[in-house]
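Please work through the exercises below with the sequence and the three-dimensional model side by side, and try each task before reading its solution.

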Amino acid sequence: MTDVADASRSVVSMREVCLRFGKTYALDGCSFDVARGSVTALVGRNGAGKSTLMSVAVGLLTPQSGSVSVLGRSPGHTGISPGLSYLAQHKPLYGKFTVAEMLRFGQRTNAQWDNAYAGRLVSEADVPMRAKIRSLSPGQRARIAVALALGRRPDVVLLDEPLADLDPVARRSVAQTLMRDAAQHGTTVVLSSHILVELTDVADQLLLLDRGRIRLTGSLDDLLDDHYLLTGTGDPQHAIGQGAIIESRAGTRTTTHLVHGPRPPHHGDWLLEQPTIDEIVLAHLAEQKEERA
Ligand SMILES: Nc1ncnc2c1ncn2[C@@H]1O[C@H](COP(=O)(O)OP(=O)(O)OP(=O)(O)O)[C@@H](O)[C@H]1O
């Protein structure tokens with residue numbers, strides 16, 4: 001595989017990446033760029049390929065075709081890059097270790113380890129240093145795993161479903177930590193979930209994955225600007241111009257269309273409103289389901 005990205009702009013890049021397990025394509029011509037210092041929400045339904053994509057970026061899986069670049073290098077040849085931190089979905093930690101021993105392990109195995117920072121993240125999580133990992137709740141384990149991932153002071157951190165086990169307060173705390181890391185240290189963060197609402201507070205970019213292909217990508221602000229809701233009766237085609245209807249929902253008297261495209265300057269009797277990012281993503285996912293049917 002060849003490197004494809006200019007490392008100064010894009011720190012994670014894939015071009016036409018295909019990876020299949022037997023006859024199942026987990027990644028099917030997957031192409032995208034992740035900009036340095038961004039916080040990217042990798043979103044898709046169960047089985048969309050999110051974990052596979054992260055494993056390819058880390059070098060744990062090698063695609064059958066396509067090119068991958070992470071921090072300017074093709075992953076997999078020299079182990080995980082020192083600038084890269086990866087938290088797998090099952091949050092691998094040593095059950096017999098205490099939290100303090102887990103941090104010492106992090107310190108011994110990582111040249112750039114920041115012990116004070118990792119310790120602060122553990123104390124924010126309110127987990128005692130002497131507690132055994134196996135005695136922790138899934139949410140507490142997740143917070144220790146995030147502390148270990150960030151304690152390495154990575155340039156890029158890939159987190160597979162980091163917020164799934166967290167209560168709302170813990171989720172907000174971890175989200176703030178990730179945003180602070182990105183803002184203060186320029187860390188590039190990619191975090192996955194099948195629930196976008198978990199990520200809208202923390203992410204500024206979206207990668208929507210569908211059956212191994214990137215369906216929608218861009219900044220959340222641009223995606224909001226590029227979509228609108230049009231409510232009324234009759235044929236909307238004259239009002240939407242160059243736009244494309246992604247989803248139509250019939251109400252009792254009117255129909256609401258979610259449209260992808262520039263807002264029309266004149267829309268007659270149609271009511272034009274701003275959708276939420278959740279509505280945009282759900283509409284695109286629903287469209288994928290229809291295409292599949
Ligand atoms: N080791 C494997 N062997 C065979 N098929 C696999 C393997 N790992 C993943 N797959 C298949 O590849 C596809 C993508 O799986 P992946 O785990 O990447 O999806 P995901 O988006 O992370 O899903 P989830 O949200 O449920 O965690 C699925 O169809 C899955 O069944």
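The exercises that follow go from the ligand to the helices, the core, the domains and some single residues.

This is a predicted model, in which local features need pLDDT of at least 70 and side-chain atom pairs count only at pLDDT 80 or more, while totals for chains, interfaces and linings use all residues. Residues are numbered from 1 along each chain as its sequence is written.

**Exercise 1. The ligand shell**

Task: Find which residues surround the ligand, and state which elements supply them.

Solution: Begin with the criterion, by which a residue is near a molecule if its C-beta atom, placed from the backbone, lies within 6 Å of it. The residues that surround the ligand are Phe21, Thr24, Ala26, Gly44, Asn46, Gly47, Ala48, Gly49, Lys50, Ser51, Thr52 and His194. Next, sort them by class, with Ala, Val, Leu, Ile, Met, Phe, Trp, Tyr, Cys and Pro as nonpolar, Asp, Glu, Lys and Arg as charged, and the others, Gly among them, as polar. This gives three nonpolar, eight polar and one charged residues in the shell. Finally, assign elements, where helices (H or I, at least four residues) and strands (E, at least two) are DSSP runs numbered from the N terminus. Both β2 (24-35) and α1 (50-58) supply at least two residues of the shell, and α1 gives the largest share, three residues.

**Exercise 2. Burial in two helices**

Task: Determine which residues of α1 are buried, and which residues of α3 are buried.

Solution: The burial classes rest on C-beta atoms placed from the backbone: a residue is buried if 20 or more other C-beta atoms lie within 10 Å of its own, exposed if 12 or fewer, and partly exposed in between. In α1, eight of the nine residues are buried, namely Lys50, Thr52, Leu53, Met54, Ser55, Val56, Ala57 and Val58. After α1 comes glycine 59, with a positive phi near 95°. In α3 (residues 115-124), the buried residues are Ala118, Leu121 and Val122. These lie on the same side of α3, because they cover an arc of only 100° around the axis, the arc being that of the directions from the helix axis to the C-beta atoms. Ala116 and Ser123, on the other side of α3, are exposed. The cover over the buried residues of α3 includes α2 (99-109), α4 (138-151) and α5 (168-185).

**Exercise 3. The largest nonpolar core**

Task: Identify which members of the largest nonpolar core touch the most other members.

Solution: A nonpolar core is a set of buried Ala, Val, Leu, Ile, Met, Phe, Trp, Tyr and Cys residues joined through C-beta atoms within 7 Å. The largest such core has 78 residues, of which Val43, Ala57, Val122, Ile144, Val146, Ala147 and Leu158 touch the most other members. The largest share of this core, eight residues, comes from α4. As a further step, take leucine 158 and leave aside its neighbours within four places in sequence; it is then in contact with Met54, Ala57, Val58, Tyr86 and Val190, where contact requires C-beta atoms, placed from the backbone, within 7 Å.

**Exercise 4. Two domains**

Task: State where the two domains lie in the sequence, and how many residues each brings to the contact.

Solution: The domain assignment gives domain 1 (10-218) and domain 2 (226-292), with bounds that come from an automatic or database domain assignment. Their contact takes nine residues from domain 1 and six residues from domain 2. On the side of domain 1 that touches domain 2, the elements giving two or more residues are β8 (205-210) and β9 (213-219). That side has five nonpolar, one polar and three charged residues. The C-alpha centres of the two domains lie 34 Å apart.

**Exercise 5. Loop residues**

Task: Say where aspartate 126 and arginine 211 are placed, and how each is exposed.

Solution: Aspartate 126 sits in the loop between α3 and α4, and it has a positive phi of about 60° although it is not a glycine. Aspartate 126 counts as exposed because 10 other C-beta atoms lie within 10 Å. Arginine 211 is found in the loop between β8 and β9, and its phi is likewise positive, about 45°, although it is not a glycine. Arginine 211 counts as partly exposed, because it has 18 C-beta neighbours inside 10 Å.
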